[in-house]
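Visitor: I am new to this structure and would like a close look at a single part of it, the empty space enclosed inside. Please take me through that part slowly, and then through whatever surroundings help to place it.

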Amino acid sequence: MNKLDYQAQSQWAYGAGKQQSPIALETVPQNILEAADFLEWQGPYYVQDVCDNGNNLLLHGQGHARLDQRLFHLVQLHFHAPAEHTINGELRAMEWHFVHTDAIGKTAVVAVSAVIGRPNPQFEQILAQYETGKLTTFAETILVTSLLPTTGLIYHYVGSLTTPPLIEGVEWYVAEKPFTISQEQLERYQQFFPKTNNRTLQPLNDRQVMQYDLGSND
Ligand SMILES: [Zn+2]
């Protein structure tokens, strides 16, 4: 598989559209819509294998959700370090992309970012599995349900994949609220993936970013 050169992003193919990702996200308090049912997780989310696709750590998984009232299924989860979207000017340590598809092949990505703090138990399980060097199906699936956003603000807009072919028409659901990983976990991850894999910010152009507040209670 071809490795992407993040130092030469301007030479990536197909990136010339007007609806590219990632973008800079800013909270506009007067535009926040209350929508407790905007993201509905239907049962557990889990990952059952891990692969190194050359650019990031990617895990195939399963899970079902209603995103903005429509049914989507988890396909895979992968990592960017540092994060790709900025949130109110902040570029966080990591961004995890839960890539979903629906029955007609539409892609929706739920993005959750990580900041440095307490270690994350799910990341620990994933790192431990990766460190075994056995890139096969896990003996036990890893539950990642607790990482999905259930409270706080969600930014929603239409953009693109952030790796070539940079296909547009991708629905983004980016959580404002981060989870934590420890510095030690990040450094272990960086032993395997020392190069940064975040695409540079893209212009917003004619797009609108919606903001939905899921509320404060689970
Ligand atoms: Zn991604």
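Guide: The largest cavity has a volume of about 30 Å³, where a cavity is a set of points, on a 1 Å grid over the protein atoms alone, at which a 1.4 Å probe fits but cannot get out, and where a volume is the space filled by probe spheres set on the points, these being joined across faces, edges and corners. The model is a predicted one, in which local features need pLDDT of at least 70 and side-chain atom pairs count only at pLDDT 80 or more, while totals for chains, interfaces and linings use all residues. Residues are numbered from 1 along each chain as its sequence is written, and side-chain values use heavy atoms, with hydrogens and water left out.

With a threshold of 30 Å³ or more, the count comes to one cavity. Its lining, meaning residues that have an atom within 4 Å of a point, consists of Ala83, His85, Ile87, Glu90, Arg92, Glu95, Ser113 and Val174. Sorted by class, these are three nonpolar, two polar and three charged residues, with Ala, Val, Leu, Ile, Met, Phe, Trp, Tyr, Cys and Pro counted as nonpolar, Asp, Glu, Lys and Arg as charged, and the others, Gly among them, as polar.

One lining residue, Val174, leads on to the cores, a nonpolar core being a set of buried Ala, Val, Leu, Ile, Met, Phe, Trp, Tyr and Cys residues joined through side-chain atoms within 4.5 Å, and buried meaning under 20% relative accessible area with a 1.4 Å probe and protein chains only, against over 50% for exposed and partly exposed in between. In the largest nonpolar core, which has 43 residues, Leu67, Phe79, Met94, Trp96, Phe98 and Tyr189 touch the most other members. Apart from it lies another core, of 12 residues, and Val174 is among them, as are Tyr157, Val170 and Trp172.

Strand β13 (residues 168-175), a strand being a DSSP run of E of at least two residues, numbered from the N terminus, also holds Gly169. Gly169 is partly exposed, at a relative accessible area of 29%, and, leaving aside neighbours within four places in sequence, is in contact with Lys106, Thr107, Val158 and Gly159, contact meaning heavy atoms within 4.5 Å.

Key:
1 Å grid on protein atoms, 1.4 Å probe; cavity = no way out; pocket = protein on both sides within 12 Å on 5 of 7 lines; lining within 4 Å. Helix = DSSP H or I, 4+ residues; strand = E, 2+ residues; numbered from the N terminus.
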